[in-house]
Structure formats: C-alpha cells, structure tokens
Amino acid sequence: MKVPFLDLLAAQSQVQLEIEAAIKRVANSGCYILGPELLNFEAEFAKFTAAKHCIGVANGLDALCLALKSAGITTDDEVILPANTYIATWLAVSQCGAKPVPVEPLKDTYNIDPEAVAAAVTNRTRAIIAVHLYGQPADMDPLRKISNQYGLFLLEDAAQAHGARYKSLPIGSVGTAAWSFYPSKNLGAWGDGGAVTSNDPDLVEKIMSLRNYGSSVKYVNDVQGVNSRLDPLQAAILNVKLSQLEAWTNCRKSVAAHYSQGLVGSGLVLPAVRSWADPVWHLYVIRHPQRQKFQKRLKQAGIETGIHYPIPPHQQKAYANAGFSKGQFPLSEQFSKEVISLPMCPAQSQQQTDYVIEKINSLA
Ligand SMILES: *Cc1c(COP(=O)(O)O)cnc(C)c1O
C-alpha cells in the first residue's frame, strides 16, 4: 500500500469541476485585480472566522508583515515569537526592521509558553506573535493578559489553523490574525494567497492601503505601501474550497483520532491536546528519538512523512548574524531533530490510516 503525505488532487476532487467553473467565470469577467470576487471571498472568510473584517493579501508572509507594519512595528522594536516555527513568522518581523525575540515552546503542545513570553518582555518589546502550530490553538488568554499589561500588539499566525477554536471561539474572532492560503494549508489556493482578519477598523484601513501601494484613492499615495493583493482568480477558487472546509476538517479530525487511539502503545510521543483546544490537524506530529531511521523504514513501507521543521530559525544561516548560539533554545533544537509529521489528508482512507498505524506499531 502507498500512503502519500498529502494528496491535493484527491482532497479537492469533489469540487474540481466547481473550481474550474469559477476560474472560467473570472476569466470571462475582465476583472483581474481586486473587484467583486475578492470582496466576496473576504466577506465569506470573515464570516467563517467570525471576524469583523478580512483583507486578502498576496501570501501569508505579507499578511504577517502588513499586520505588524499597520500596528506600527518598526526599526529596533522587539517582537516576541516562538523559537519553533516556520521561518516566515520571523521574516515578517525582520522585514519591519524589528528584532525577533524567540522563546521556547511548551513541552507537550509545542505552542508558545506564556511564562517564557512574560519573562522575555523588555522596554523595547512592542508585539507578541502566537503561532497556532500544526493547527492547534496556542493558549491565548495568558498572552492577552501579558499584551494588555504591557500595551503590546498581539498577532496570531493562523497559517496552519483555519477553523480551529480556542475555548469554543473560532481563531480570528478575537484580535488580529494572519492567514496563508499556500496550496498545502488546510484552506489552500492554486498558487499563493493570504489574508489578515481583524476587529480593529483602524488597523484594517491601514492594511487595505498598505497592500495597494499605500493608496486608498487611486493615484493618491499616503504611505509607501507594497503590491500585495489577493488575486480574484485565487479568491474565486478559495471561495469554492471554503464551502468544503468544515467537511475536510472533520476528515482530518477523524484521521487524527484514529492515530491517537491506534498509536497509544507505540512508544512514540503523540500530540497533546488541551481540554479547551479544538485543533484542525494541519499536521499530525509525533516524535521519535531516531527519526532518520524511523522515517526511512516508513518510506520503505510506502508511507510518506514530512518534517516540520528540521532547522529552527535561530540556527538558519539567514540569522547567523543575529547573535544566537547553539544550545540557546534546547527544547526547540531537540524537537527539530525528533519531529515527524504523519500522512494527513482529508481524502485519506480508513485502510490507509490503519496501515500507517499497523506499520508504526511493528517498527517503533
Ligand atoms: C505557511 C506559513 C506561513 C507563510 O505563509 P506563505 O503563504 O507561504 O507566505 C507563515 N507562518 C506559518 C506558521 C506557516 O505555516
């Protein structure tokens, strides 16, 4: 048996024809930048996240960066963020000229540790970024408390968490969140895409302007903005897929539930889920002390896996001059050597999931 890590075509097969029809509609509309398709998706995604506003942008990195810029984050500001995240979270901070201040995750959920955040606050701290890693909500209440106490901007990197809930509220319904629609995300376009959701009208106005050359009236430029708009073509595709997202999320939840039941005695470190968390299982990440060998054996059995992520940002060459040293973030460094993401696809069959469980139990 073959179990792919993620089969995008299989996952979207039910809506393939609808997507093609939407593409044709945009092709025949003569409107290829901004316009009604984008407005429609922005309204639907705002509804989905229970946020007041949604602004479509070109990708997840821009969503993070424009949200930070709109909140006034600038040169020499410090932004506290996870040491164990995809590098985009860090790059957004660096692109504002600000300094990423990494903190360690909690040992069991891999999400940012609020106590570590509190300990990292200095008089130059201006913002905190919480990443809902692997689709599991971070613990927002203590982070909100810290950000209120020190007057910090709290941004959620929700690139992996479309539809996730924290204490029964959808991610996006409180505060400001940045989203990615990279094809392999839970809601993915046929190309790059991103969005910011927010309940703050001033912030929303600034992002709308920044994404469009710093202009809200054509040929009048108030600030030095960028070109970062979500294409109407992608918006139309995303709108079709959004109608299926809940069903796809339920499939992911079912795969995750089977893994969690079937792998209890495997000796692997399985994901921990807090009682208040409703994760959407962008990834199902386990840990194995001899990952390379384990991954190779799974591959020989036809099971494709992923690693998220093999090198933490502070150990990347890109941050070689930022003054970090090896061993400075021991948990993040350890996890980067041990994590493996199991196959996770809304179209994954029960037989495929059972096969993965059976193989792991015979290998681990
Ligand atoms: C994918 C991702 C991003 C970046 O999104 P792009 O659309 O690829 O720019 C940012 N943060 C996290 C946690 C991600 O997983």
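**Two pockets and helix 8**

The largest pocket has a volume of about 500 Å³. The model is predicted. In the lining of this pocket there are 28 residues. Nearest the pocket centre lie Tyr 86, Ser 180, Tyr 182, Lys 185 and Tyr 309. Two helices, helix 4 (60-70) and helix 5 (87-95), each contribute at least two lining residues. Helix 5 gives the most, with four residues. By class, the lining of the largest pocket holds 14 nonpolar, ten polar and four charged residues.

The second largest pocket encloses about 390 Å³ of space. Its lining is made of 19 residues. Of these, Leu 34, Asn 212, Ser 215, Ser 216 and Arg 229 lie nearest the centre. Helix 3 (36-49), helix 8 (201-210), strand 10 (215-217) and strand 11 (220-221) each give two or more residues to this lining. The lining of the second largest pocket divides into eight nonpolar, six polar and five charged residues.

Helix 8 also has buried residues. These are Leu 203, Val 204, Ile 207, Ser 209 and Leu 210. The buried residues of helix 8 pack against strand 1 (53-57), strand 5 (153-157), strand 8 (176-180) and strand 9 (194-198). They also pack against helix 4 and strand 10. Helix 4 supplies at least two residues to the lining of the largest pocket, while strand 10 gives two or more to that of the second largest. At the N-terminal end of helix 8, Asp 200 acts as a cap. One of its side-chain oxygens lies 3.0 Å from the backbone nitrogen of Asp 202.

Methods:
Residues numbered from 1 in each chain as written. Predicted model: local features only at pLDDT ≥ 70, side-chain atom pairs only at ≥ 80, totals over all residues. Heavy atoms only, no water. 1 Å grid on protein atoms, 1.4 Å probe; cavity = no way out; pocket = protein on both sides within 12 Å on 5 of 7 lines; lining within 4 Å. Points joined across faces, edges and corners; volume = space filled by probe spheres on them. Nonpolar A, V, L, I, M, F, W, Y, C, P; charged D, E, K, R; others polar. Buried < 20%, exposed > 50% of the residue type's maximum accessible area, 1.4 Å probe, protein only. Contact = heavy atoms within 4.5 Å. Polar contact = N/O pair within 3.5 Å; in protein donor to acceptor, adjacent residues only side chain to side chain.
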